[in-house]
Amino acid sequence: MSFQYAQFNGPNLERLFRTWHQILGWYEDETEDFPYWYLERTNIGHLALAVYQRNGIAVQEFSCLKGKDAEDSPGRADLYMKVPMGRSGSRPLELNIEAKQQWCSVAFNENSKAALATYLSRAEKDCRNLKDKAWRADLGAGIVFLLPYSKSVPTDRKDIRKQLKHFTVAVSNESKKLGASFASFHYPALDNLLEISKNFAEHGWCPGIAVIGKFVK
């Protein structure tokens with residue numbers, strides 16, 4: 001179950017996130033490291049790379065106007081993307097992305113649910129506050145990079161599969177309750193996960209990443 005995707009409403013981004021998953025997998029193979037447990041900017045960069053891999057256009061961290069009415073002020077937007085949707089002759093999808101990153105328990109407990117709700121709401125609000133005209137897309141998406149974490153590193157394959165399946169189902173269900181549009185999950189191949197986890201055991205266990213997004217107009 002190295003890649004999972006759940007679509008709830010709006011444009012289907014499964015092709016884009018499948019490419020994102022492949023990029024993360026390549027990084028893990030080449031570096032024996034988890035590519036997603038660094039800062040938010042790193043994860044935005046990986047998503048932008050997936051856009052380019054799908055022959056799209058991505059612009060990160062561009063200057064723009066943010067805020068409401070008289071409170072408008074200069075700021076930076078996280079990501080603009082223009083990505084083909086895979087149908088011949090179809091119009092590419094343009095999106096303004098505002099992102100947040102949050103760690104949570106791999107058990108996805110009540111605190112994790114509350115954190116997801118808070119950060120998804122903040123990302124959505126940031127997306128609505130974009131005032132830029134040059135890079136203004138018809139549709140926006142507030143997204144949360146959600147990083148499951150545990151202090152202990154499991155070694156039993158059956159237990160790992162059980163924990164990751166629970167995390168995927170729990171996050172998908174909670175995301176749908178929150179009105180999210182999609183949820184995408186990347187987990188390393190199991191052999192890679194065990195090897196990299198062993199090498200970085202002193203830092204705890206971060207077995208994958210989820211991206212939860214909500215479209216806004």
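A cavity here is a set of grid points where a 1.4 Å probe fits but cannot get out. With that in mind, let's walk through this predicted model, starting with its enclosed space and moving on to its aromatic rings.

**The cavity**

Counting cavities of 30 Å³ or more gives 1. The largest cavity holds about 60 Å³ of space. Its lining is made up of N96, C127, R128, L130, R136, A137, D138, L139, G140, V216 and K217. By character, these lining residues split into 5 nonpolar, 2 polar and 4 charged. Two elements, α3 (110-128) and β5 (139-149), each give at least two residues to this lining.

**The aromatic rings**

Across the whole structure there are 12 aromatic pairs. One of them joins F185 and Y187, whose rings are stacked, with 6.5 Å from centre to centre and 20° between the planes. Are these two residues buried or exposed? The table gives their relative accessible areas.

| Residue | Relative accessible area | State |
|---|---|---|
| F185 | 1% | buried |
| Y187 | 2% | buried |

F185 counts as buried because its 1% falls under the 20% cut-off, and Y187 is buried because its 2% is also under 20%.

Elsewhere, which residues form one aromatic cluster? They are Y5, F17, W20, F182 and F215.

**A charge over a ring**

One more contact is worth finding on your screen: R122 places its charged end over the ring of Y119, 5.0 Å from the ring centre.

Key:
Residues are numbered from 1 along each chain as its sequence is written. This is a predicted model: local features need pLDDT of at least 70, side-chain atom pairs count only at pLDDT 80 or more; totals for chains, interfaces and linings use all residues. Side-chain values use heavy atoms; hydrogens and water are left out. On a 1 Å grid over the protein atoms alone, a cavity is a set of points where a 1.4 Å probe fits but cannot get out, and a pocket is an open set with protein on both sides within 12 Å along at least five of seven lines; lining residues have an atom within 4 Å of a point. Grid points are joined across faces, edges and corners, and a volume is the space filled by probe spheres set on the points. Helices (H or I, at least four residues) and strands (E, at least two) are DSSP runs, numbered from the N terminus. Ala, Val, Leu, Ile, Met, Phe, Trp, Tyr, Cys and Pro count as nonpolar, Asp, Glu, Lys and Arg as charged, and the others, Gly among them, as polar. Rings of Phe, Tyr and Trp (its six-membered ring) pair if their centres lie within 6.5 Å; planes under 30 degrees apart count as stacked, over 60 as edge-to-face and the rest as tilted. Buried means under 20% relative accessible area, exposed over 50%, partly exposed in between (1.4 Å probe, protein chains only). A charge sits over a ring if NZ of Lys or CZ of Arg is within 6 Å of the ring centre and within 35 degrees of the ring normal.
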